[in-house]
Amino acid sequence: MKRIIMNERPDWKADAEACGFTIHSMYGQRYWDERHAYAFTLEEVEAKLEEPSAELLDMCYAAVERIASDDELMRRLAIPPAYHDAVLRSWRNRERDLYGRFDLAYDGNGPAKLLEFNADTPTSLFESAVFQWRWLEDMKRRGELPSSADQFNSIHERLIDALRLLAAPSGRMHFAGMLESEEDLVTLNYLVDCAAQAGCETKLIAMPDIGVDDGHRLIDLQDEPIDCLFKLYPLEDMVREPFGRHLPSTPTRVIEPLWKLTLSNKGLLPVLWAMFPGHENLLPAYFEDDPRIGNLGDRYVRKPLLSREGANVTLVNHEAGVGTYHVEGPYGEEGYIRQALHLLPRFGDDWTVIGSWIVAGQPAGIGIREDDTPVTRDTSRFVPHYIES
(Lines give C-alpha, C1' and ligand atoms only; values in the text may rest on other atoms or scores of the structure.)
Protein backbone atom coordinates (compact mmCIF):
# COMPACT_ATOMS: atom_id res chain seq x y z
CA MET A 1 0.00 0.00 0.00
CA LYS A 2 1.52 3.27 -1.15
CA ARG A 3 0.27 6.83 -1.40
CA ILE A 4 1.19 8.15 -4.85
CA ILE A 5 1.17 11.79 -5.97
CA MET A 6 -0.98 12.10 -9.10
CA ASN A 7 -1.71 14.77 -11.69
CA GLU A 8 -5.15 16.19 -11.09
CA ARG A 9 -7.33 16.11 -14.20
CA PRO A 10 -8.11 19.68 -15.27
CA ASP A 11 -11.71 18.76 -16.11
CA TRP A 12 -12.52 16.55 -13.10
CA LYS A 13 -15.18 18.91 -11.75
CA ALA A 14 -16.98 19.00 -15.09
CA ASP A 15 -16.83 15.21 -15.20
CA ALA A 16 -18.27 15.00 -11.69
CA GLU A 17 -21.14 17.35 -12.54
CA ALA A 18 -21.86 15.47 -15.77
CA CYS A 19 -22.44 12.18 -13.98
CA GLY A 20 -24.43 13.59 -11.06
CA PHE A 21 -21.64 13.65 -8.48
CA THR A 22 -22.68 17.05 -7.17
CA ILE A 23 -21.09 16.61 -3.73
CA HIS A 24 -17.54 16.63 -5.11
CA SER A 25 -17.04 19.69 -2.88
CA MET A 26 -18.77 20.24 0.46
CA TYR A 27 -18.59 22.81 3.24
CA GLY A 28 -16.48 25.00 0.99
CA GLN A 29 -13.80 22.32 0.71
CA ARG A 30 -13.00 19.61 -1.80
CA TYR A 31 -14.52 16.24 -0.93
CA TRP A 32 -13.21 14.32 -3.95
CA ASP A 33 -9.40 14.54 -3.96
CA GLU A 34 -7.42 13.05 -6.85
CA ARG A 35 -4.17 14.89 -6.21
CA HIS A 36 -2.90 11.54 -4.99
CA ALA A 37 -4.11 7.94 -4.96
CA TYR A 38 -3.40 4.71 -3.11
CA ALA A 39 -1.67 1.87 -4.94
CA PHE A 40 -2.01 -1.77 -3.88
CA THR A 41 -0.73 -5.07 -5.18
CA LEU A 42 -3.30 -7.69 -6.17
CA GLU A 43 -2.01 -10.06 -3.52
CA GLU A 44 -2.37 -7.34 -0.90
CA VAL A 45 -5.97 -6.63 -1.88
CA GLU A 46 -6.96 -10.29 -1.95
CA ALA A 47 -5.16 -11.49 1.18
CA LYS A 48 -5.30 -8.40 3.41
CA LEU A 49 -8.63 -6.78 2.50
CA GLU A 50 -10.99 -9.03 0.52
CA GLU A 51 -10.47 -12.31 2.39
CA PRO A 52 -10.54 -10.70 5.88
CA SER A 53 -13.72 -8.82 4.91
CA ALA A 54 -15.40 -12.11 3.97
CA GLU A 55 -14.28 -13.64 7.27
CA LEU A 56 -15.44 -10.61 9.26
CA LEU A 57 -18.83 -10.84 7.58
CA ASP A 58 -19.20 -14.49 8.56
CA MET A 59 -18.32 -13.51 12.12
CA CYS A 60 -20.93 -10.74 12.01
CA TYR A 61 -23.58 -13.21 10.86
CA ALA A 62 -22.68 -15.43 13.81
CA ALA A 63 -23.03 -12.36 16.05
CA VAL A 64 -26.52 -11.66 14.65
CA GLU A 65 -27.60 -15.15 15.71
CA ARG A 66 -26.05 -14.61 19.13
CA ILE A 67 -27.61 -11.18 19.70
CA ALA A 68 -31.03 -11.90 18.21
CA SER A 69 -31.37 -15.00 20.41
CA ASP A 70 -30.64 -13.09 23.62
CA ASP A 71 -33.05 -10.44 24.94
CA GLU A 72 -30.41 -9.18 27.37
CA LEU A 73 -27.92 -8.55 24.58
CA MET A 74 -30.55 -6.77 22.52
CA ARG A 75 -31.33 -4.63 25.53
CA ARG A 76 -27.63 -3.80 25.89
CA LEU A 77 -27.64 -2.73 22.24
CA ALA A 78 -30.61 -0.41 22.98
CA ILE A 79 -32.92 -2.30 20.59
CA PRO A 80 -36.49 -1.51 21.74
CA PRO A 81 -38.10 -4.52 23.48
CA ALA A 82 -41.14 -4.32 21.20
CA TYR A 83 -38.88 -5.29 18.30
CA HIS A 84 -36.96 -8.18 19.85
CA ASP A 85 -39.19 -10.91 18.43
CA ALA A 86 -39.35 -9.18 15.05
CA VAL A 87 -35.55 -8.91 14.83
CA LEU A 88 -35.16 -12.63 15.53
CA ARG A 89 -37.93 -13.50 13.06
CA SER A 90 -36.36 -11.27 10.41
CA TRP A 91 -33.04 -13.09 10.85
CA ARG A 92 -34.50 -16.60 10.96
CA ASN A 93 -36.55 -15.85 7.82
CA ARG A 94 -33.28 -14.96 6.07
CA GLU A 95 -34.62 -11.63 4.88
CA ARG A 96 -32.23 -10.24 2.27
CA ASP A 97 -30.06 -7.21 2.89
CA LEU A 98 -28.35 -5.03 0.30
CA TYR A 99 -25.05 -3.55 1.47
CA GLY A 100 -22.76 -2.36 4.24
CA ARG A 101 -19.24 -1.08 4.77
CA PHE A 102 -16.50 -2.20 7.14
CA ASP A 103 -14.19 0.59 8.26
CA LEU A 104 -10.69 -0.85 8.46
CA ALA A 105 -7.34 0.47 9.69
CA TYR A 106 -4.64 -0.85 7.36
CA ASP A 107 -1.33 0.54 6.16
CA GLY A 108 0.17 -2.35 4.21
CA ASN A 109 1.78 -3.91 7.27
CA GLY A 110 0.13 -6.48 9.50
CA PRO A 111 -3.56 -7.40 9.51
CA ALA A 112 -6.37 -4.93 8.87
CA LYS A 113 -8.22 -4.01 12.06
CA LEU A 114 -12.01 -3.60 12.19
CA LEU A 115 -12.97 -0.22 13.61
CA GLU A 116 -16.71 -0.52 13.01
CA PHE A 117 -19.36 -1.86 10.64
CA ASN A 118 -21.58 0.68 8.87
CA ALA A 119 -24.25 -1.93 8.22
CA ASP A 120 -27.38 0.13 7.68
CA THR A 121 -27.00 3.53 6.01
CA PRO A 122 -23.44 3.87 4.69
CA THR A 123 -22.88 6.66 2.18
CA SER A 124 -19.87 7.36 -0.12
CA LEU A 125 -21.39 4.65 -2.31
CA PHE A 126 -21.48 6.48 -5.66
CA GLU A 127 -17.93 7.72 -5.39
CA SER A 128 -16.74 4.22 -4.47
CA ALA A 129 -18.71 2.37 -7.13
CA VAL A 130 -18.69 4.79 -10.05
CA PHE A 131 -16.58 7.93 -9.85
CA GLN A 132 -13.31 6.38 -8.78
CA TRP A 133 -13.78 3.84 -11.60
CA ARG A 134 -14.29 6.71 -14.07
CA TRP A 135 -11.09 8.25 -12.68
CA LEU A 136 -9.19 4.99 -13.25
CA GLU A 137 -10.37 4.58 -16.84
CA ASP A 138 -9.70 8.24 -17.63
CA MET A 139 -6.21 8.12 -16.12
CA LYS A 140 -5.39 5.06 -18.23
CA ARG A 141 -6.64 6.81 -21.38
CA ARG A 142 -4.48 9.84 -20.56
CA GLY A 143 -1.41 7.65 -20.01
CA GLU A 144 -1.16 8.63 -16.34
CA LEU A 145 -1.62 5.00 -15.31
CA PRO A 146 -0.61 1.85 -17.21
CA SER A 147 -3.33 0.16 -19.23
CA SER A 148 -2.99 -2.89 -16.96
CA ALA A 149 -3.95 -0.95 -13.80
CA ASP A 150 -7.07 -2.30 -12.10
CA GLN A 151 -9.27 -1.54 -9.11
CA PHE A 152 -10.91 -3.59 -6.36
CA ASN A 153 -14.38 -2.58 -7.42
CA SER A 154 -17.31 -4.74 -8.49
CA ILE A 155 -19.77 -2.68 -6.42
CA HIS A 156 -21.86 -1.41 -9.32
CA GLU A 157 -22.43 -4.78 -10.97
CA ARG A 158 -23.20 -6.49 -7.66
CA LEU A 159 -25.72 -3.78 -6.70
CA ILE A 160 -27.61 -4.26 -9.96
CA ASP A 161 -27.77 -8.02 -9.51
CA ALA A 162 -28.84 -7.66 -5.86
CA LEU A 163 -31.57 -5.11 -6.59
CA ARG A 164 -33.02 -7.34 -9.30
CA LEU A 165 -33.46 -10.09 -6.69
CA LEU A 166 -34.79 -7.74 -4.02
CA ALA A 167 -37.46 -6.30 -6.32
CA ALA A 168 -38.83 -9.70 -7.34
CA PRO A 169 -41.48 -10.83 -7.95
CA SER A 170 -43.27 -7.54 -8.68
CA GLY A 171 -40.19 -5.75 -9.98
CA ARG A 172 -41.26 -2.55 -8.18
CA MET A 173 -39.18 -0.67 -5.63
CA HIS A 174 -39.61 2.56 -3.72
CA PHE A 175 -36.53 4.47 -2.56
CA ALA A 176 -36.91 6.83 0.40
CA GLY A 177 -34.75 9.20 2.38
CA MET A 178 -34.36 12.77 3.55
CA LEU A 179 -34.35 14.34 0.10
CA GLU A 180 -33.20 17.73 1.37
CA SER A 181 -29.79 16.17 2.13
CA GLU A 182 -27.73 16.46 -1.05
CA GLU A 183 -25.35 13.70 0.07
CA ASP A 184 -28.24 11.30 0.69
CA LEU A 185 -29.89 12.31 -2.57
CA VAL A 186 -26.77 11.45 -4.57
CA THR A 187 -26.77 7.97 -3.02
CA LEU A 188 -30.51 7.49 -3.55
CA ASN A 189 -30.42 8.66 -7.16
CA TYR A 190 -27.56 6.27 -7.81
CA LEU A 191 -29.43 3.31 -6.33
CA VAL A 192 -32.55 4.24 -8.30
CA ASP A 193 -30.42 4.19 -11.45
CA CYS A 194 -28.96 0.79 -10.50
CA ALA A 195 -32.47 -0.58 -9.96
CA ALA A 196 -33.58 0.80 -13.32
CA GLN A 197 -30.61 -0.92 -14.96
CA ALA A 198 -31.79 -4.11 -13.24
CA GLY A 199 -35.14 -3.72 -15.01
CA CYS A 200 -37.07 -2.53 -11.94
CA GLU A 201 -39.89 -0.01 -11.82
CA THR A 202 -38.71 2.66 -9.40
CA LYS A 203 -40.12 5.56 -7.42
CA LEU A 204 -38.24 8.07 -5.23
CA ILE A 205 -40.12 9.45 -2.21
CA ALA A 206 -39.37 11.39 0.98
CA MET A 207 -39.42 9.54 4.30
CA PRO A 208 -42.23 11.71 5.74
CA ASP A 209 -44.43 10.68 2.79
CA ILE A 210 -44.61 7.03 3.86
CA GLY A 211 -47.97 5.92 5.20
CA VAL A 212 -49.61 2.65 6.24
CA ASP A 213 -52.83 1.00 5.09
CA ASP A 214 -55.21 -1.13 7.13
CA GLY A 215 -53.20 -4.24 6.38
CA HIS A 216 -49.95 -2.71 7.76
CA ARG A 217 -48.56 -2.38 4.24
CA LEU A 218 -46.52 0.76 3.65
CA ILE A 219 -47.96 3.13 1.04
CA ASP A 220 -46.92 6.36 -0.67
CA LEU A 221 -48.82 9.65 -1.02
CA GLN A 222 -50.76 8.28 -3.99
CA ASP A 223 -51.87 5.32 -1.83
CA GLU A 224 -49.77 3.05 -4.02
CA PRO A 225 -48.68 -0.06 -2.09
CA ILE A 226 -44.95 -0.26 -1.45
CA ASP A 227 -43.85 -3.81 -2.26
CA CYS A 228 -40.16 -3.27 -1.49
CA LEU A 229 -38.73 -0.19 0.22
CA PHE A 230 -35.11 0.83 0.29
CA LYS A 231 -34.67 3.50 2.94
CA LEU A 232 -31.57 5.61 3.42
CA TYR A 233 -32.64 6.29 6.96
CA PRO A 234 -31.32 4.72 10.19
CA LEU A 235 -33.32 1.74 11.39
CA GLU A 236 -32.95 2.90 14.99
CA ASP A 237 -34.78 6.12 14.03
CA MET A 238 -37.25 4.39 11.72
CA VAL A 239 -38.60 2.15 14.48
CA ARG A 240 -39.49 5.33 16.37
CA GLU A 241 -41.42 6.90 13.48
CA PRO A 242 -45.27 6.90 13.60
CA PHE A 243 -45.33 3.97 11.16
CA GLY A 244 -42.52 2.18 12.98
CA ARG A 245 -44.84 0.03 15.06
CA HIS A 246 -46.11 -1.52 11.83
CA LEU A 247 -42.67 -2.75 10.73
CA PRO A 248 -42.83 -6.11 12.55
CA SER A 249 -46.05 -7.03 10.74
CA THR A 250 -45.84 -5.19 7.42
CA PRO A 251 -45.87 -7.27 4.22
CA THR A 252 -43.63 -4.60 2.69
CA ARG A 253 -40.04 -5.80 2.40
CA VAL A 254 -37.84 -3.14 3.97
CA ILE A 255 -34.19 -2.82 3.02
CA GLU A 256 -32.28 -3.00 5.26
CA PRO A 257 -34.21 -5.70 7.21
CA LEU A 258 -34.84 -5.44 10.94
CA TRP A 259 -32.03 -7.86 11.80
CA LYS A 260 -29.58 -5.17 10.71
CA LEU A 261 -30.40 -3.43 14.03
CA THR A 262 -27.91 -5.87 15.58
CA LEU A 263 -25.08 -4.88 13.24
CA SER A 264 -25.59 -1.14 12.77
CA ASN A 265 -24.60 -0.65 16.38
CA LYS A 266 -21.23 -0.24 18.09
CA GLY A 267 -22.40 -2.84 20.61
CA LEU A 268 -21.52 -5.33 17.90
CA LEU A 269 -17.83 -4.75 18.64
CA PRO A 270 -17.75 -6.15 22.21
CA VAL A 271 -19.97 -9.04 21.10
CA LEU A 272 -17.52 -9.93 18.34
CA TRP A 273 -14.57 -9.71 20.74
CA ALA A 274 -16.34 -11.97 23.25
CA MET A 275 -17.11 -14.51 20.53
CA PHE A 276 -13.75 -14.38 18.74
CA PRO A 277 -11.21 -13.19 21.35
CA GLY A 278 -7.77 -12.51 19.96
CA HIS A 279 -8.82 -12.62 16.30
CA GLU A 280 -6.20 -10.78 14.27
CA ASN A 281 -8.73 -8.51 12.54
CA LEU A 282 -10.52 -7.47 15.75
CA LEU A 283 -9.65 -5.03 18.53
CA PRO A 284 -10.50 -5.67 22.19
CA ALA A 285 -13.84 -4.02 22.98
CA TYR A 286 -16.20 -3.98 25.98
CA PHE A 287 -19.48 -2.45 27.03
CA GLU A 288 -18.76 0.47 29.31
CA ASP A 289 -20.22 -1.23 32.39
CA ASP A 290 -17.94 -4.25 31.91
CA PRO A 291 -15.17 -4.28 34.56
CA ARG A 292 -12.81 -5.68 31.93
CA ILE A 293 -12.53 -2.23 30.36
CA GLY A 294 -9.60 -1.85 32.74
CA ASN A 295 -7.74 -4.18 30.35
CA LEU A 296 -7.61 -1.30 27.88
CA GLY A 297 -5.51 0.84 30.20
CA ASP A 298 -5.02 4.46 29.21
CA ARG A 299 -5.37 3.94 25.45
CA TYR A 300 -8.90 3.43 24.16
CA VAL A 301 -11.69 4.84 22.04
CA ARG A 302 -15.07 5.64 23.57
CA LYS A 303 -17.90 5.24 21.06
CA PRO A 304 -21.68 5.70 21.39
CA LEU A 305 -23.76 2.63 20.59
CA LEU A 306 -25.49 4.69 17.91
CA SER A 307 -23.69 7.43 16.01
CA ARG A 308 -22.75 8.53 12.50
CA GLU A 309 -19.69 10.18 10.90
CA GLY A 310 -17.49 10.02 14.01
CA ALA A 311 -19.86 12.08 16.17
CA ASN A 312 -19.37 11.85 19.95
CA VAL A 313 -16.26 9.66 19.56
CA THR A 314 -13.46 10.25 22.07
CA LEU A 315 -9.88 9.05 21.65
CA VAL A 316 -8.05 8.60 24.94
CA ASN A 317 -4.27 8.28 24.73
CA HIS A 318 -2.88 9.23 28.13
CA GLU A 319 -0.17 6.57 27.91
CA ALA A 320 1.53 8.52 25.14
CA GLY A 321 0.93 11.82 26.88
CA VAL A 322 -1.44 12.96 24.13
CA GLY A 323 -4.53 13.22 26.32
CA THR A 324 -7.91 13.10 24.58
CA TYR A 325 -9.43 14.03 21.25
CA HIS A 326 -13.21 14.45 21.14
CA VAL A 327 -15.75 15.01 18.36
CA GLU A 328 -18.96 16.76 19.38
CA GLY A 329 -22.34 15.45 18.34
CA PRO A 330 -25.91 14.57 19.32
CA TYR A 331 -25.41 10.88 20.21
CA GLY A 332 -24.67 8.89 23.34
CA GLU A 333 -27.96 8.74 25.21
CA GLU A 334 -28.22 4.97 24.63
CA GLY A 335 -24.80 4.21 26.09
CA TYR A 336 -21.18 3.66 25.07
CA ILE A 337 -18.62 0.98 24.40
CA ARG A 338 -14.84 1.19 24.67
CA GLN A 339 -12.48 -0.23 22.09
CA ALA A 340 -8.71 -0.56 22.23
CA LEU A 341 -7.06 2.42 20.57
CA HIS A 342 -5.61 1.57 17.18
CA LEU A 343 -4.88 4.82 15.42
CA LEU A 344 -5.49 5.12 11.71
CA PRO A 345 -2.32 4.99 9.62
CA ARG A 346 -0.94 8.36 8.65
CA PHE A 347 0.27 9.13 5.14
CA GLY A 348 1.80 12.57 5.00
CA ASP A 349 -0.41 14.79 7.15
CA ASP A 350 -3.56 12.71 6.61
CA TRP A 351 -5.15 9.89 8.59
CA THR A 352 -6.47 7.18 6.27
CA VAL A 353 -9.37 4.73 6.64
CA ILE A 354 -10.32 1.99 4.18
CA GLY A 355 -14.00 1.31 3.67
CA SER A 356 -14.52 -2.29 2.56
CA TRP A 357 -17.87 -2.64 0.82
CA ILE A 358 -20.14 -5.65 1.22
CA VAL A 359 -22.92 -6.14 -1.33
CA ALA A 360 -25.44 -8.99 -1.00
CA GLY A 361 -23.17 -10.84 1.39
CA GLN A 362 -19.96 -10.60 -0.63
CA PRO A 363 -16.91 -8.27 -0.49
CA ALA A 364 -17.28 -5.95 -3.48
CA GLY A 365 -14.62 -3.23 -3.37
CA ILE A 366 -13.06 -0.46 -1.32
CA GLY A 367 -13.26 3.30 -0.91
CA ILE A 368 -10.65 5.35 0.92
CA ARG A 369 -11.15 8.50 2.96
CA GLU A 370 -8.65 10.85 4.55
CA ASP A 371 -8.88 13.42 7.30
CA ASP A 372 -6.45 15.80 8.96
CA THR A 373 -7.69 14.44 12.31
CA PRO A 374 -7.57 10.83 13.58
CA VAL A 375 -11.38 10.51 13.42
CA THR A 376 -13.14 10.13 10.06
CA ARG A 377 -15.94 12.70 9.84
CA ASP A 378 -18.47 13.96 7.30
CA THR A 379 -15.84 16.43 6.09
CA SER A 380 -13.25 13.73 5.33
CA ARG A 381 -12.00 13.56 1.75
CA PHE A 382 -12.47 10.66 -0.66
CA VAL A 383 -9.33 9.46 -2.48
CA PRO A 384 -9.23 6.91 -5.35
CA HIS A 385 -7.14 3.75 -5.49
CA TYR A 386 -5.73 1.36 -8.06
CA ILE A 387 -4.11 -2.05 -8.23
CA GLU A 388 -0.65 -2.22 -9.75
CA SER A 389 -0.04 -4.90 -12.36
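Two strands pair if DSSP finds at least two bridges between them. Helices (H or I, at least four residues) and strands (E, at least two) are DSSP runs, numbered from the N terminus. The model is predicted: local features need pLDDT of at least 70 and side-chain atom pairs count only at pLDDT 80 or more, while totals for chains, interfaces and linings use all residues. Residues are numbered from 1 along each chain as its sequence is written, and side-chain values use heavy atoms, with hydrogens and water left out.

**Stop 1: the parallel sheet**

Select strand β11, residues 228–232, together with β12: the two pair in the parallel sense over 3 bridges. Phe 230 stands opposite Ile 255 in β12. Now widen the selection to the open sheet of 4 strands, whose order is β8-β7-β11-β12, with parallel pairing. Its edge strands are β8 (201–206) and β12 (253–255), and each pairs on one side only. From one strand to the next, the twist averages 25°.

**Stop 2: helices on this sheet**

Add helix α6, residues 155–167, which packs on the sheet and touches β7 (172–177), β11 and β12. Contact means heavy atoms within 4.5 Å. The direction of α6 makes about 110° with that of β7; axes are lines fitted to C-alpha atoms, for helices over the stretch in contact, and angles run from 0 to 180 degrees between N-to-C directions. Next add α7, which lies across β7, β8 and β11 and runs at about 165° to β8.

**Stop 3: helix α5 and its neighbours**

Select α5 (residues 125–141) and α7 (residues 182–197), whose axes come within 9 Å and cross at roughly 55°. The two helices are therefore oblique to each other (under 35 degrees counts as roughly parallel, over 145 as roughly antiparallel, 65 to 115 as roughly perpendicular and the rest as oblique). To see the contact, show Leu 125, Phe 126, Ala 129 and Val 130 of α5 with Val 186, Thr 187, Tyr 190 and Leu 191 of α7. By class, this contact has 7 nonpolar, 1 polar and no charged residues. Ala, Val, Leu, Ile, Met, Phe, Trp, Tyr, Cys and Pro count as nonpolar, Asp, Glu, Lys and Arg as charged, and the others, Gly among them, as polar.

Keep α5 and bring back α6: their axes come within 8 Å and cross at roughly 115°. Here the contact is made by Leu 125, Ser 128, Ala 129 and Val 130 of α5 and by Ile 155, His 156 and Leu 159 of α6. It has 5 nonpolar, 2 polar and no charged residues.

**Stop 4: the antiparallel sheet**

Move on to an open sheet of 5 strands in the order β13-β17-β14-β15-β16, with antiparallel pairing. β13 (285–287) and β16 (323–326) are the edge strands, and the twist averages 20° from one strand to the next. Strand β15, residues 314–317, pairs with β16 in the antiparallel sense over 4 bridges; the bridge partner of Leu 315 in β16 is Tyr 325. Add helix α9 (residues 268–275), which lies across β13, β14 (299–304) and β17 (336–340) and runs at about 120° to β13.

**Stop 5: an aromatic pair**

The whole structure holds 16 aromatic pairs. Rings of Phe, Tyr and Trp (its six-membered ring) pair if their centres lie within 6.5 Å; planes under 30 degrees apart count as stacked, over 60 as edge-to-face and the rest as tilted. Select Tyr 38 and Phe 347: their ring centres are 5.2 Å apart and their planes stand at 85°, so the pair is edge-to-face. This pair links distant parts of the chain, with Tyr 38 in strand β4 (residues 36–41) and Phe 347 in strand β18 (residues 346–347), 309 residues apart.
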